[in-house]
Amino acid sequence: MGELVLALGLGSYTVGTIAFVAVAAFVAGLSRGFSGFGSALIFVPLASTVIAPSLAAPLLLAVDVVMSAGLIPGAVRTADKREVGTMLMGTVVGLPTGTFVLVHADPVAIRWAVALLVLGMLVVVMSGWRFRGKPRKPLTVAVGAVAGFFSGMSQTGGPPVVLYWLGSGGPAALVRANLVLYFALSMVLSVTAYAVVGMFTKAVLGLALVMGPIYGLGLFIGAHMFGLADIRVFRAVSYGLIAATGLFSLPLFDGILR
């Protein structure tokens, strides 16, 4: 067992740290499985309490790339590729900026920003607010830039895009396909940006091999639980998990929790 840990580049982590990240991955997968969102909002701030944000963000990205691959073919057939491409124009600008912040900013400052961002986004989502209006190219590019910045910094760029497109009035199938295709292509940009700055270290890939199946198990269980209970119950649980995660991950509590 010890030799395997060393081979995966995880020798500098305690069993407790690896177990904690594994629990975070399972809960994140569970939330995404039964509510369709929340994996980054849960995993990144929670995992960042025991490992650096510069490890947590690429770790989630590496796992998510594999888990979401099966959704892409259907999205390619249905999505409005021009609209998705317009959104990506902004992402191309915002994502490298967010990646630069992730690499060079103080880890504690990033944790404060991510925790507050998580709580702020949660308030907006729970309020029921949605963008109301027809998507316009300049606004779509701007939303893409904001989402790209958050994705580069912490892989939490989803909510701005979701809130924007859900309020567009388009058919649900088209909106879903746009989201799936956008996030798939955004992940390609994220992988490229993170690879350029050398964020996919041996430790990240080692953790991804360990956490991938655990995340997938949470995803599988969550998806099956979705069909067994009222969606309002699970949405409330997801909100509660994200709120607890945002509060739990605040550096304010490091003296107690770490």
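## Ser151 in helix H8

Ser151 is found in helix H8 of this predicted model. Its relative accessible area is 8%, and because the limit for a buried residue is under 20%, Ser151 counts as buried.

With neighbours within four places in sequence left aside, the contacts of Ser151 are Leu95, Thr156, Gly157, Ser186, Ser190 and Tyr194. Helix H8 itself spans residues 137–154 and gives two or more residues to the largest nonpolar core.

## Overall architecture

The protein has 13 helices and zero strands. Read from the N terminus, the order of elements is α-α-α-α-α-α-α-α-α-α-α-α-α.

Of the 258 residues in the protein, 46% are buried. Among contacts with a separation of 6 or more, 83% join residues 24 or more positions apart. The exposed surface of the protein comes to about 12,000 Å², of which carbon and sulfur atoms supply 73%.

## Nonpolar cores

In soluble globular proteins, nonpolar side chains tend to be buried together. In the present model, the largest nonpolar core contains 40 residues, and Phe43, Ile51, Leu59 and Met211 have the most contacts inside it. Two or more residues of this core come from each of helix H2 (15–35), helix H3 (39–47), helix H4 (53–67), helix H7 (107–127), helix H8 (137–154), helix H10 (172–196) and helix H11 (202–226). Apart from this core lies another, of 17 residues, which includes Ala79, Phe131, Val143 and Trp165.

Ile51, one of the residues with the most contacts inside the largest core, touches Tyr13, Thr17, Val21, Ala56, Leu59 and Leu207 when residues up to four places away in sequence are not counted. Leu59, among these partners of Ile51, is also listed with the residues that have the most contacts inside the core.

## Pro58 in helix H4

Pro58 has its place in helix H4. With a relative accessibility of 0%, Pro58 is classed as buried. Its contacts, not counting residues up to four places away in sequence, are Pro53, Tyr194, Met199, Phe200 and Val204.

One of these partners, Met199, is 141 residues from Pro58 in sequence, yet the C-alpha atoms of Pro58 and Met199 are 6.7 Å apart in space. Another partner, Tyr194, is also in contact with Ser151. Tyr194 is thus touched by a buried residue of helix H4, Pro58, and by a buried residue of helix H8, Ser151.

Technical notes: Residues are numbered from 1 along each chain as its sequence is written. This is a predicted model: local features need pLDDT of at least 70, side-chain atom pairs count only at pLDDT 80 or more; totals for chains, interfaces and linings use all residues. Side-chain values use heavy atoms; hydrogens and water are left out. A nonpolar core is a set of buried Ala, Val, Leu, Ile, Met, Phe, Trp, Tyr and Cys residues joined through side-chain atoms within 4.5 Å. Buried means under 20% relative accessible area, exposed over 50%, partly exposed in between (1.4 Å probe, protein chains only). Helices (H or I, at least four residues) and strands (E, at least two) are DSSP runs, numbered from the N terminus. Contact means heavy atoms within 4.5 Å. Accessible areas come from the Shrake-Rupley method with a 1.4 Å probe; for residues, only the protein chains shown count as cover.
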